[in-house]
Amino acid sequence: MRIHRYLCALAAALLASCADYSVPDNVLYGEAVYTQPDPAFTGFKALDFYWLDTAVKVYEDDPDNPTLDDLTDYPGIVSAIDANMEALGYTKLGAGPPIDPAFPSDGTAATAVLRVAVSKGTGEYWYGGYWCDPYYYYWCYYDWYYAGSYKFGTVMMSLNDFSVTAGPGTTLPIRWIAAMYGVATTVGYDVQRIAGAIDVAFGQSQYLDTH
């Protein structure tokens, strides 16, 4: 299975609202962080530079037609990415919308690009219990009862290789992916949580180090 297909399969962002319907705390407040490198790639030390793609695809109602968000609207997330990349030895060339894979033509500048995508969803919370007839106490009925819903999502990052021979329309190979799942609360708080999850993702991916 191609690694970019697997990245989409991880989608399940942390940028919506959630009411408390007695969802367990470890579900409501925790984040799961998954990372995976391209197992056949050993050239991270050669990727000295990076470009941050600020066009974020958001998958929600129609997975085939994502909407677009701007990563620069969330400076805490940008700062977390930049701080971790620079700590690993990368030099930032810039940030902005997608750039032509053929740039630069001599292959000496942008050698990697970081891209971010978000997948959102809605979950339901149910609880089980007994309902008993007040007149026939020995007759009770066990069933599941709807307790409410909550928003959840996954923030996904990929590190694409710009050091390969590229041309217009070229699909750049993905060398590393990260997926950070959690239940949404408020935008401000969730941005902090995403930034923290980004630290975890890079922290458990020390093979990205270019030193």
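**Exercise 1. Confidence**

What is the mean pLDDT of the protein chain, and what percentage of its residues reach 70 or more?

*Solution.* The model is predicted. Start with the whole chain: its mean pLDDT is 78. Of its residues, 68% reach 70 or more. Next, go element by element. Helix α1 (residues 3-9) has the lowest mean pLDDT, 44. Helix α3 has the highest, 97. Then take the stretch of residues 1-21, where the pLDDT is below 50. Beyond near neighbours in sequence, this stretch still has 70 contacts in the model. Where pLDDT is low, the predicted coordinates should not be read in detail.

**Exercise 2. Helix α3**

Compare the expected span of helix α3 (residues 75-87) with the distance between its end C-alpha atoms.

*Solution.* Step one: count the residues, 13. Step two: take 1.5 Å for each residue after the first, because the expected span uses one less than the number of residues. That gives 18 Å. Step three: check the model. The end C-alpha atoms of α3 are 18 Å apart, so the two values agree.

Now add the surroundings. Buried residues in α3 are Ile 77, Val 78, Ala 80, Ile 81, Asp 82, Asn 84 and Met 85. Just after the helix, Gly 89 has a positive phi of about 105°.

**Exercise 3. Aromatic pairs**

Classify the ring pairs Phe 41–Phe 44 and Tyr 50–Tyr 90, and decide whether each residue is buried or exposed.

*Solution.* A pair of aromatic rings is described by the distance of the centres and the angle of the planes. The count for the model is six aromatic pairs. Take Phe 41 and Phe 44: the centres are 4.9 Å apart and the planes meet at 90°, an edge-to-face pair. Phe 41 has 15% relative accessibility, so it counts as buried. Phe 44 has 6%, so Phe 44 is buried too.

Take Tyr 50 and Tyr 90 next. Their ring centres lie 6.4 Å apart with planes at 90°, so this pair is edge-to-face. Tyr 50 sits in strand β2 (residues 49-53). Tyr 90 sits in the loop between α3 and β5 (91-96). The pair links distant parts of the chain, 40 residues apart. Tyr 50 is buried because its relative accessibility is 0%. Tyr 90 is buried at 3%.

Last, extend the first pair: ring pairs join Phe 41, Phe 44 and Tyr 207 in a cluster.

**Exercise 4. Arg 193**

Why does Arg 193 count as buried, and which backbone oxygen lies 2.7 Å from a polar atom of its side chain?

*Solution.* Locate Arg 193 in helix α4 (residues 187-203). Its relative accessibility is 5%; the cut-off for buried is under 20%, so Arg 193 qualifies. The oxygen belongs to Val 183.

Methods:
Residues numbered from 1 in each chain as written. Predicted model: local features only at pLDDT ≥ 70, side-chain atom pairs only at ≥ 80, totals over all residues. Heavy atoms only, no water. Helix = DSSP H or I, 4+ residues; strand = E, 2+ residues; numbered from the N terminus. Buried < 20%, exposed > 50% of the residue type's maximum accessible area, 1.4 Å probe, protein only. pLDDT = per-residue confidence, 0-100. Contact = heavy atoms within 4.5 Å. Phe/Tyr/Trp six-rings, centres within 6.5 Å; stacked < 30°, edge-to-face > 60°. Polar contact = N/O pair within 3.5 Å; in protein donor to acceptor, adjacent residues only side chain to side chain.
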